[in-house]
Amino acid sequence: MSSNDIQGSAIERLGIRIANSVERWMPSPFLFAILLTYLVFFAALVLGELGIIEQAEGGTAGPLGLVDHWFDGFWDFLAFAMQMTVILMTGFALAYHPRANAILVRLADIPSTPPQAVVFVAIFSMAIAWIHWGFSLILGAIFAREMGKVAYEKGIDVHYPLLAVSGYMGLGLTWHWGLSGSGPLLLTDAASVGEGTVFDMLPDDGIPITETIAHGYGITLTILSIIFASLVLYLITPSGEQARGITEYIPESELFGQETDGGEEIEQSDNEKKTPAERIDNSLVLGGIIGLTGFVYVFYMLVTDGLAAWDLNVINFGFLMAGVLVWTNPSAYRDKFGEAATAAAGIILLFPFFAGIQGIMAGSGLATYIAEVLIDASTAQTFPIIAWVTAAITNAFIPSGGGQWLVLGPPLMEAADGLGVEFGHAAMAYAVGDAHTNLLNPFWAIPLLAITRIKAREMFGYAIVMLLALIPFLAIMLFFLPYDALAIF
């Protein structure tokens with residue numbers, strides 16, 4: 001398509017040009033991780049040889065030392081990787097319940113124009129991501145696919161790659177300000193922060209989510225960002241012949257099978273035809289009791305300890321139990337987790353490679369150097385912007401928000417303490433940088449790509465358009481939005 005063939009508004013034309021360029025040049029997510037590994041390795045090697053960076057124990061790491069850091073990094077965060085995998089898989093199991101899918105089909109029938117369809121999916125994805133990023137990633141992908149199917153049936157020319165981006169916007173903007181945000185939740189863990197750790201500048205009992213996720217500052221950022229992102233998506237939605245529908249990516253013959261949605265409602269066969277073992281495996285009573293017990297216990301912890309109890313383990317436990325309650329049948333829930341493992345396979349493969357990149361950056365001193373250079377240039381007023389930029393740059397190489405936090409958190413919190421910036425304020429500014437550049441790195445989009453049957457290069461052109469459009473907005477918000485004035489607890 002030549003530039004003369006592109007019609008529509010100036011913003012729409014710009015979006016199409018960027019999307020077309022990215023589609024030609026963007027590698028697959030796995031190759032992306034391999035290329036970043038080489039880039040970080042050689043950057044650390046050169047800066048080490050120049051004496052600009054050094055290891056925590058002193059001295060610089062040569063080629064073999066960097067390979068050692070790379071190998072060590074592969075296995076440093078297995079527990080955290082498991083936490084992230086469980087978040088994703090519980091989200092998958094809940095999102096793929098037949099009743100959840102039936103609701104999505106009804107919702108997909110509401111929009112009547114392409115921009116409405118794109119914006120509706122985005123608002124849904126961003127709102128759900130505040131509750132649970134894994135739920136949003138899977139549910140957003142399913143909703144994008146269902147919206148594409150319904151639009152095809154109704155003759156609405158909606159651009160399917162942009163629908164996929166809309167389903168991904170929760171991971172690209174709002175998730176790290178929400179209830180499953182790994183950075184703010186890691187701050188609540190007194191074993192990870194406080195005296196005797198690299199976070200020893202913080203209170204011994206950690207930073208409660210009333211100062212981060214549940215603070216008016218984070219809530220205001222979330223609401224205003226959803227409004228702004230929705231406006232941009234509305235303006236860049238391709239129209240007419242520029243729109244490529246779902247059938248250009250998924251054959252029409254494959255669009256309406258059970259495998260593309262939540263499947264059929266679970267039918268309970270006659271127990272008299274089952275063996276005792278089968279009746280136990282499918283016991284609604286046994287599943288219901290344990291699910292209800294777990295869910296009540298989470299409620300008890302929140303009542304007795306307040307929002308301070310909300311951390312990664314609690315949220316994973318709560319959603320695991322919610323899945324048992326929703327599915328009730330233990331065997332059905334187990335089978336759905338088996339399907340979720342397929343969706344999580346790409347992330348399970350890539351997580352060690354990105355952890356290896358993190359190992360090089362942390363072990364060589366490269367990550368600390370990047371943070372310190374940016375932080376040294378900040379003041380109390382500009383610190384939130386610097387924290388955002390620091391996280392954004394690092395996220396391009398280390399897409400795990402919690403993994404980044406273990407590297408960047410200490411220098412960020414130390415700088416915030418020295419500048420008189422509230423720790424919660426600093427953490428939420430960091431969080432937006434981590435989420436924002438998910439629109440550049442395809443790591444977390446792997447399950448969405450599998451569900452929507454679209455390639456990374458086909459959707460990330462528009463993801464990068466969104467990333468660029470959000471830069472001036474986020475800079476203004478972080479510079480002018482007051483933290484203290486928005487406290488609600």
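Let me start with a term: a residue is called buried here when its relative accessible area is under 20%. By that cut-off N316 is buried, because its relative accessible area is 8%. I should say straight away that what you have in front of you is a predicted model, and everything I describe is to be taken in that light.

N316 makes a convenient starting point. This asparagine belongs to helix 13, which runs over residues 312-327, and, once residues up to four places away in sequence are set aside, N316 touches Q83, V86 and I87.

Now let me step back to the chain as a whole. The chain has 20 helices and zero strands, and buried residues make up 57% of its 489 residues. If we take the contacts in the chain with a separation of 6 or more, 81% of them are accounted for by residues 24 or more positions apart.

Which residues have the most contacts inside the largest nonpolar core? They are Y168 and M169, in a core that has 152 residues. The largest share of this core, 14 residues, is supplied by helix 14, residues 330-364. As for M169, leaving out residues up to four places away in sequence, the residues that it touches are A122, S125, M126, T174, A229, L233, L439, M466 and L470.

Since helix 14 has come up, let me look at two of its residues, beginning with F354, which is found in that helix. F354 is buried, because its relative accessible area of 3% falls under the 20% cut-off. Its C-alpha atom and that of T37 are separated by 7.9 Å, although the two residues are 317 residues apart along the chain. Around F354, again not counting residues up to four places away in sequence, we find contacts with F32, A33 and L36, then with F397, I398 and P399, and finally with N441 and F443.

The second residue is K336, whose place is also in helix 14. Is this lysine, K336, buried or exposed? K336 is buried, with a relative accessible area of 7%. Its contacts, leaving aside neighbours within four places in sequence, are with F92, A93, Y96 and W327.

I turn next to helix packing, and to two pairs in particular. In the first pair, helix 6, residues 114-131, packs with helix 7, residues 133-154, at an angle of about 165 degrees, and their axes are 7 Å apart. That angle makes helix 6 roughly antiparallel to helix 7, because angles over 145 degrees count as such. The crossing in which helix 6 passes helix 7 is right-handed. On the helix 6 side the contact is made by A117, F120, V121, F124, S125, I128, A129 and I131, and on the helix 7 side by W133, F135, S136, L139, G140, F143, A144 and M147. Sorted by character, the residues of this contact divide into 13 nonpolar, three polar and no charged.

In the second pair, helix 18, residues 423-436, and helix 20, residues 456-480, pack at an angle of about 175 degrees with their axes 12 Å apart, and these two helices are therefore roughly antiparallel to each other. Helix 18 contributes A429, V432 and H436 to the contact, while helix 20 contributes L467, L470, I471, L474 and L478. Here the residues divide into seven nonpolar, one polar and no charged.

Let me come to Y160, which lies in helix 8, residues 160-174. Y160 is buried, with a relative accessible area of 1%. From C-alpha to C-alpha, Y160 and G245 are 5.2 Å apart in space, and they are 85 residues apart in sequence. Leaving aside neighbours within four places in sequence, Y160 is in contact with A144, R145 and G148, with R244, G245, I246, Y249 and I250, and with T452 and I454.

My last residue is R453, found in the loop between helix 19, residues 446-452, and helix 20. What is the phi of R453 near? The phi of R453 is near 60 degrees, a positive value in a residue other than glycine. As general background, most residues other than glycine have a negative phi. R453 is partly exposed, with a relative accessible area of 37%, because that value lies between the 20% and 50% cut-offs.

Technical notes:
Residues are numbered from 1 along each chain as its sequence is written. This is a predicted model: local features need pLDDT of at least 70, side-chain atom pairs count only at pLDDT 80 or more; totals for chains, interfaces and linings use all residues. Side-chain values use heavy atoms; hydrogens and water are left out. Axes are lines fitted to C-alpha atoms, for helices over the stretch in contact, and angles run from 0 to 180 degrees between N-to-C directions. Helices (H or I, at least four residues) and strands (E, at least two) are DSSP runs, numbered from the N terminus. Angles under 35 degrees count as roughly parallel, over 145 as roughly antiparallel, 65 to 115 as roughly perpendicular and the rest as oblique. A crossing is left-handed if the near helix is turned anticlockwise from the far one by less than a right angle, and right-handed if clockwise. Contact means heavy atoms within 4.5 Å. Ala, Val, Leu, Ile, Met, Phe, Trp, Tyr, Cys and Pro count as nonpolar, Asp, Glu, Lys and Arg as charged, and the others, Gly among them, as polar. A nonpolar core is a set of buried Ala, Val, Leu, Ile, Met, Phe, Trp, Tyr and Cys residues joined through side-chain atoms within 4.5 Å. Buried means under 20% relative accessible area, exposed over 50%, partly exposed in between (1.4 Å probe, protein chains only).
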